[in-house]
Amino acid sequence: MRVLVTGVMGQLGHDVVRHLSEHGIEHKGVDREDFDLGDAEAVMRAVQDYCPTVIVHCAAYTAVDRAESDMEACFRVNAQGTANMVRAALSVDAALVYISTDYVFGGEGEEAFETEDAKNPKNIYGLSKFQGELAVCHQMTKYFIVRTSWVYGVHGNNFVKTMLRLGSSRPQVNVVCDQIGSPTYSWDLAALVCRMIRTKKYGIYHATNEEFCSWAEFAAAIMEKAHLNCRVNPIPTSEYPTPAHRPCNSRLSKKSLDAAGFSRLPSWEDALDRYLRELSLEGMI
Ligand SMILES: NC(=O)c1ccc[n+]([C@@H]2O[C@H](COP(=O)([O-])OP(=O)(O)OC[C@H]3O[C@@H](n4cnc5c(N)ncnc54)[C@H](OP(=O)(O)O)[C@@H]3O)[C@@H](O)[C@H]2O)c1
């Protein structure tokens, strides 16, 4: 196996490469400095030069709020860039892992979304990622589409790091309590992706840490576990307007993971404990 990983400077790509290294799997990590995903020729050249058997496509335009006013750039990376990657993967007969998002769903109701439920993205980022999914599943047979949510890792900025920063400088913080989902530690997700690519169990999966919570509950757990004396005030989304609409229900069902015999990820609380330990070991807190 020979694996090309895009977005290696990002949270997930970084951890995928760490797992591949630990397992002695031949790989190459690439990012924007190697080629721009929107440049079809550059993507094709890079893929054909390395000739991977698997591509783990983690790179994306992930600035959800900025995407609302920067639509063209977002579609260029997430939709067109993915289509470019699909064509390149097909040209060398590589399997493709496409990382997608809970934001492809509309966030209605309180039930967990099944992989095949109707898609109804409510923001530009979600729509662009859904178009990326379509480029993959309409043209390929050897693919994994892995939808995840609320990702945090050691490498990059995320909600946990923001809460740690605010928690050490403020006595209280307001956090929305009516968006429910699952935080996901990129290290755990990367481990699953690396298990998946050793199989041919292609398909569409949901993968997040287990159990659901609100952002406010997540923030409170961060403050408590990091021993920060900062009160979390739960507020409704209506009191925290953002350029991009965010779904209230981000619950993802793991039935397809179970059916394929892949183990679910540990609970989000367990993951948060391990993440904080890792940040501490790295001297980052
Ligand atoms: N973060 C989340 O909460 C979340 C939730 C659900 C799904 N996902 C999906 O999970 C995957 C990994 O997310 P992440 O949090 O690891 O992302 P990330 O930390 O934002 O990393 C994305 C990487 O992609 C690179 N990139 C962006 N545009 C590019 C381009 N035109 N050409 C080449 N590289 C480019 C970025 O480089 P620059 O920094 O230079 O732009 C960055 O290194 C993504 O597909 C994302 O859509 C993330």
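**Strand β3 and its surroundings**

Guide: From strand β3, Val-54 and Val-56 point one way and Ile-55 and His-57 the other, and all of them are buried. The model is a predicted one, in which local features need pLDDT of at least 70 and side-chain atom pairs count only at pLDDT 80 or more, while totals for chains, interfaces and linings use all residues. Residues are numbered from 1 along each chain as its sequence is written.

Visitor: What makes a residue buried or exposed?

Guide: The number of other C-beta atoms within 10 Å of its own decides: 20 or more is buried, 12 or fewer is exposed, and anything in between is partly exposed, with C-beta atoms placed from the backbone. In a regular strand the side chains alternate between the two faces of the sheet.

Visitor: What makes β3 a strand, and what makes two strands a pair?

Guide: A strand is a DSSP run of E with at least two residues, a helix is a run of H or I with at least four, and both are numbered from the N terminus. Two strands pair if DSSP finds at least two bridges between them. Strands β1 (residues 2-6) and β3 (residues 54-57) have 4 bridges, so by the definition of at least two they pair. Their sense is parallel. Val-3 has Val-54 as its bridge partner in β3, and Thr-6 has His-57. β3 is also joined to β4 by 4 bridges, again parallel, and there Val-54 is partnered by Ala-95.

Visitor: In what order do the strands of the sheet stand?

Guide: The open sheet has 6 strands in the order β2-β1-β3-β4-β5-β10, with parallel pairing. β2 (26-30) and β10 (203-206) are at the edges because each has a single partner strand, which leaves one side of each without a neighbour in the sheet.

Visitor: How do you know that helix α5 packs on the sheet?

Guide: By contact, which requires the C-beta atoms of two residues, placed from the backbone, to lie within 7 Å. Helix α5 (residues 124-139) touches β4 and β5 (143-148), and its direction makes about 155 degrees with that of β4. Such angles run from 0 to 180 degrees between N-to-C directions, with axes fitted to C-alpha atoms, for helices over the stretch in contact. Helix α7 (residues 186-196) lies across β3, β4 and β5, at about 165 degrees to β5.

Visitor: Why is Asp-93 called exposed?

Guide: Asp-93 has 10 other C-beta atoms within 10 Å, and the limit is 12 or fewer, so the word applies. Asp-93 sits in the loop between α4 and β4. Its phi is positive, about 60 degrees, although Asp-93 is not a glycine. Most residues other than glycine have a negative phi.

Visitor: Why does His-227 count as exposed?

Guide: His-227 has 8 C-beta neighbours inside 10 Å, so it too meets the limit of 12 or fewer. His-227 is in the loop between α8 (215-225) and β12 (231-235), and its phi is positive, about 55 degrees.

Visitor: What makes a set of residues a nonpolar core?

Guide: Its members are buried Ala, Val, Leu, Ile, Met, Phe, Trp, Tyr and Cys residues joined through C-beta atoms within 7 Å. The largest such core has 86 residues, and among those that touch the most other members are Ile-55, Val-56 and Ala-219. Helix α4 gives the most to this core, with 9 residues. Ala-219 touches Met-163, Val-173, Val-175 and Val-232, leaving aside residues up to four places away in sequence.
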